[in-house]
Amino acid sequence: MNLHLIIPEMAVVGLALAILLVDLWTPPASKSRLGYVAAGGLALILALSFSANIGDNSMTAFGGLFICDGLGLFFKRFFIGAAILVVL
């Protein structure tokens, strides 16, 4: 199974869960920094997504239900970049 194809999605979900859990126990005075932590985590995920070289090949996972090609990777990076701007 090609689970490495969904690493960016799993990383974004994991980051969101971590931020939500940290938000529960963070005092109100320190909550303003969580946006910067989220932006930093998303920037790290965006930077690591450039290490996935798909090239001209499209790869599939889960019996063809998930297809990873150049266009899909472009839009993953685009929306992660947009999310960075939103959380700032």
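Okay, one term before we start: a residue is buried under 20% relative accessible area, exposed over 50%, and partly exposed in between. Take F62: its relative accessibility is 37%, so F62 counts as partly exposed. And please keep in mind that what you see is a predicted model.

Let's stay with F62 for a moment. This residue sits in the loop between β1, residues 59-61, and β2. What is the phi of F62 near? About 55°, a positive value in a residue other than glycine. That's worth pointing out because most residues other than glycine have a negative phi.

Now, on to the helices. Start with α1, residues 7-25. Helix α1 has 19 residues, and from first C-alpha to last it reaches 27 Å, close to the 27 Å expected at 1.5 Å a residue. Which residues of α1 are buried? They are P8, L15 and I19. Looking down the axis of α1, you find these buried residues within an arc of 35°, so they line one face of the helix. If you want the background, an α-helix has 3.6 residues a turn, so residues three or four places apart point the same way. And what do the buried residues of α1 pack against? That would be α2, residues 34-49. Turn α1 around, and the face away from its buried side carries the exposed residues L17, L20, L24 and W25.

Next up is α3. With 18 residues at 1.5 Å a residue, α3 should span 26 Å, and its end C-alpha atoms are indeed 26 Å apart, which agrees. The buried residues here are L73, K76, I80 and I84. They cover an arc of only 75° around the axis, which puts them on the same side of α3. As for partners, the buried residues of α3 pack against α1, α2 and β2, the last of these being residues 66-68. On the face of α3 turned away from the buried side, you get the exposed residues L71, F79, L85 and V86.

Let me pick out L71 from that group. L71 lies in helix α3, which runs over residues 70-87. Its relative accessibility is 56%, so L71 counts as exposed, the cut-off being over 50%. L71 also belongs to a nonpolar surface patch of about 560 Å², made together with F74, F75, F78 and F79.

Last topic, the salt bridges. How many are there? The count comes to two. In one of them, E9 pairs with K76, and the closest N and O atoms are 3.2 Å apart. E9 lies in helix α1 and K76 in helix α3, so this pair ties together parts that are 67 residues apart in sequence. Are the two ends buried or exposed? E9 is partly exposed, with a relative accessible area of 30%, while K76 counts as buried at 17% relative accessibility.

Then there's the salt bridge where the side chains of K31 and D23 meet, at 3.5 Å from N to O. K31 is partly exposed, its relative accessible area being 34%. D23 counts as partly exposed too, at 27% relative accessibility.

So, if you open the model after this, try finding K76 on your screen: this residue is among the buried ones of α3, and it forms that salt bridge with E9. Thanks, that's me done.

Key:
Residues numbered from 1 in each chain as written. Predicted model: local features only at pLDDT ≥ 70, side-chain atom pairs only at ≥ 80, totals over all residues. Heavy atoms only, no water. Helix = DSSP H or I, 4+ residues; strand = E, 2+ residues; numbered from the N terminus. Expected span 1.5 Å × (residues − 1). Buried < 20%, exposed > 50% of the residue type's maximum accessible area, 1.4 Å probe, protein only. Arc of directions from axis to C-beta. Contact = heavy atoms within 4.5 Å. Patch = residues over 30% accessible without salt bridge, like charges linked within 9 Å, V, L, I, M, F, W, Y side chains within 5 Å. Areas by Shrake-Rupley, 256 points an atom, 1.4 Å probe, with all protein chains shown as cover. Salt bridge = Lys/Arg side-chain N within 4 Å of Asp/Glu carboxyl O.
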